[in-house]
Structures are given as structure tokens and as C-alpha cells.
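This report goes through one protein chain, with attention to its charged pairs, its buried positions and its surface patches. Please look over the sequence and the structure before reading on.

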Amino acid sequence: MTSLTWSRRRESVARFWRQYRRQKAGLYGLGALALIAFVALAAPLLVGGDVQSVTNAPGTALESPSAQFPLGTDQFGRSLLGLLAWGARVSLAVGLLAAALSVAIGTLVGILAGHFGGWFSTVVMRVTDWFLVMPSLVLAIVLATVMSRSMWTVILAIGITSWPTTARLVRAQTIAVESRPYIERAKALGGGHGHIMNRHVLPNVMPLVLSQTTLCISTAILTEATLAFLGLGDPTVVSWGGMLQDAREAGAVSSGHWWYLAPPGIAIAVVALAFTLCGRAIESVLNPRLGAGR
């Protein structure tokens, strides 16, 4: 039975990949993410760990791009190319972890609200609506301000303020799933709440959760960059948003040092676009009706 289950899963994954390969935009996004992830993971080998050192900076302040420093240097004389590679590690980690936390909260809330219904669903949805109407960035700024400045604070601030959209989508899908006949049969055979939610509802909402996760990652990366740009990130680590904040403090905008601003800004835009392309492609594969008119 176990071998049959794994065989079906492998066939499902292979079928998904065959359909995903037809989405050219999704392939471009996946390729960009693979390249950026490789650079982030291999940063210690590619650029070394001393690139973040202020006291041992190899260049002078604000050097323009050259053969030695392809992207120029920052205000301390550090290579912007090396900082960009190290910043990818923090930005991607924060984006992935914050999105995972957000989607986990939204999925749990959505399934519980859709399954139990009644007054419980009403109360939960009113709380969700309150989070929806409140600007998530403002709430994240408040949390990042009152808590200690660290990477985990940023992850927590983004995760607990951006779950409502996922909760509403999962709740709607849960209600649709529980209206199907096999759910009634499972209840008639004595299936409890936990059995229904874990064995029947959760597997059916997972495709929606997967596509929503890829879209949430790009939002989380942009929010992290915004918080770091506002000076609310972890000052002990290098991130793309932190590089933009350093460039602003160094007066790169007014002095015309475009090489200080352009690399992290372009990197943030590319990663956000890549995750969005992957998310749209996954949506089209999991729900072919979404791509019928594209």
C-alpha cells in the first residue's frame, strides 16, 4: 500500500512538472530563483566572509564600477558585489520563513473557520477582516519598532500581519470541499473533526496553499526590504534593504552614486518578479481554468 501511494505521488509530481514546463514565464522565474539561490548558498565560497568587514575593506569609499569592483564600493570601501551576494542570504531567508509563517497561520485559521462554521467562523472572520483593513506594513512597522531589532523580529512582524488573505482563500476552499459527498460519507462512518480536516480538507487545499506561498514570498521580501530601508531591520546583518538604507544615509541619491542604489534595488525587483511568475505558473497548472484565457 505504501509503495502504491509513493508511486502515485511520483506520477503526480512528474505530471505537474510536465505541465509546468509549458509555462515559459514560470520557467524563467524558476531559473532566476535557482541562480540567485545558488549565489546565496555559495556566497562564502564565491566572495568570502570578510567582505562584510568595515575595518578591512579592500577599496576606498564610493568607488565607481571597475575591473576590481564590478559594482563599485559602498561608503566604507566594501565591494557591493560581495555585499549583494551576502544580502541574498538574509533577504531570501526572511522571505521564505516569513511567508511560511504567514501561510501556516492563514491555512490553520481558514480550515478551522470553514470546518466549524457558525458563530466561531463569524468571530474569526471579523478578526480577519480587521487585519485586512489595517495596512499590514503599518502593523509590521509597529511590531518591529516595539520589539528588539533582529532578523527574527522582522520575520515575526511580517508573518503575523500578512496571513488574512490566505485565511479567506482557504476558508472558501474548505467550505467548497466539505460540501462534497465523500465528506458526508466520512462523517457518517464516524470520522471526527481532526480526521476530516487532516485527511480530507488539508490535501484538497494544499494546491491553493502552495500557489499562495510563492506569491507571499515576494511580498515578504519587499516588506523586509522596506523595514530595513526604514532602519527597522537587524543592523548586524547585510540585506538588500539594509544596503538601500546605507546608500540613503551616505547621500547616494543626491550625489549621483547610482551604483550604490541600483544593484540592491534591481535584485529585490528581480526576486519579487521571479516568485510572482512561479506563483502564477503554479496557479495555471493546478487550476487550468485560470490559464484558459491567457
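Which residue forms a salt bridge with Arg78, and how many Å apart are the closest N and O atoms? The partner is Asp74, and the closest N and O atoms are 2.8 Å apart. The model is a predicted one, and the values below are computed from it.

**The chain as a whole**

The protein chain has 294 residues, of which 42% count as buried. Its secondary structure consists of 13 helices and 0 strands, so that the order of elements from the N terminus is α-α-α-α-α-α-α-α-α-α-α-α-α. Along its principal axes, the C-alpha trace spans about 75 × 45 × 35 Å. Among contacts with a separation of 6 or more, 70% are made by residues 24 or more positions apart. About 15400 Å² of the protein chain is exposed, and carbon and sulfur atoms supply 66% of that area.

The protein chain carries 22 positive and 12 negative charges, and the mean positions of the two sets are 18 Å apart.

**Salt bridges**

Side chains of opposite charge can pair when their charged atoms come close. With a cut-off of 4 Å between a side-chain nitrogen of Lys or Arg and a carboxyl oxygen of Asp or Glu, the count comes to 4 salt bridges. The table lists some of them.

| Positive partner | Negative partner | Closest N to O distance |
|---|---|---|
| Arg78 | Asp74 | 2.8 Å |
| Arg126 | Asp129 | 2.8 Å |
| Arg280 | Glu283 | 3.3 Å |

Are the partners in the first row, Arg78 and Asp74, buried or exposed? Arg78 is buried, because its relative accessible area is 8%, and Asp74 is buried with a value of 1%. The cut-off for buried is under 20%.

Arg280 and Glu283 both belong to helix 13, residues 258–286. They are 3 residues apart there, which means a separation of about one helical turn. Arg280 is partly exposed at 39% relative accessibility, whereas Glu283 is buried, with a relative accessible area of 17%. Elsewhere, Arg126, Asp129 and Arg168 are joined into one network by salt bridges that share partners.

Within that network, Arg126 and Asp129 lie in helix 5, which covers residues 118–133. These two residues are also 3 residues apart, about one turn of the helix. Arg126 has a relative accessible area of 46% and is therefore partly exposed. Asp129 is partly exposed as well, with a relative accessible area of 24%.

**Two buried positions**

Thr174 is a residue of helix 8, which runs over residues 164–178. Its relative accessible area is 0%, so Thr174 counts as buried. What does Thr174 contact, leaving aside its neighbours within four places in sequence? The contacts of Thr174 are Gly110, Ile111, Gly114, His115, Val201 and Val205.

Ser239 is in a loop, placed between helix 10 (193–229) and helix 11 (240–249). Ser239 is nevertheless buried, at 6% relative accessibility. Not counting residues up to four places away in sequence, Ser239 touches Gly87, Val90, Ser91, Glu224 and Ala228. Ser239 and Pro264 are 25 residues apart along the chain, and their C-alpha atoms are separated by 8.6 Å.

**Surface patches**

Which residues form the positive surface patch? Arg15, Arg18, Arg21 and Arg22 form it. One of these, Arg18, lies in helix 1, residues 2–20. Arg18 has a relative accessibility of 44% and therefore counts as partly exposed.

A nonpolar surface patch of about 390 Å² is built from Val138, Val142, Val146, Met147 and Leu156. Helix 6, residues 136–146, gives the most to this patch, with 3 residues. Met147 sits in the loop between helix 6 and helix 7 (151–159). At 30% relative accessibility, Met147 is classed as partly exposed.

Conventions
Residues numbered from 1 in each chain as written. Predicted model: local features only at pLDDT ≥ 70, side-chain atom pairs only at ≥ 80, totals over all residues. Heavy atoms only, no water. Patch = residues over 30% accessible without salt bridge, like charges linked within 9 Å, V, L, I, M, F, W, Y side chains within 5 Å. Areas by Shrake-Rupley, 256 points an atom, 1.4 Å probe, with all protein chains shown as cover. Helix = DSSP H or I, 4+ residues; strand = E, 2+ residues; numbered from the N terminus. Buried < 20%, exposed > 50% of the residue type's maximum accessible area, 1.4 Å probe, protein only. Contact = heavy atoms within 4.5 Å. Lys, Arg positive; Asp, Glu negative; His and termini not counted. Charge placed at Lys NZ, Arg CZ, Asp CG, Glu CD.
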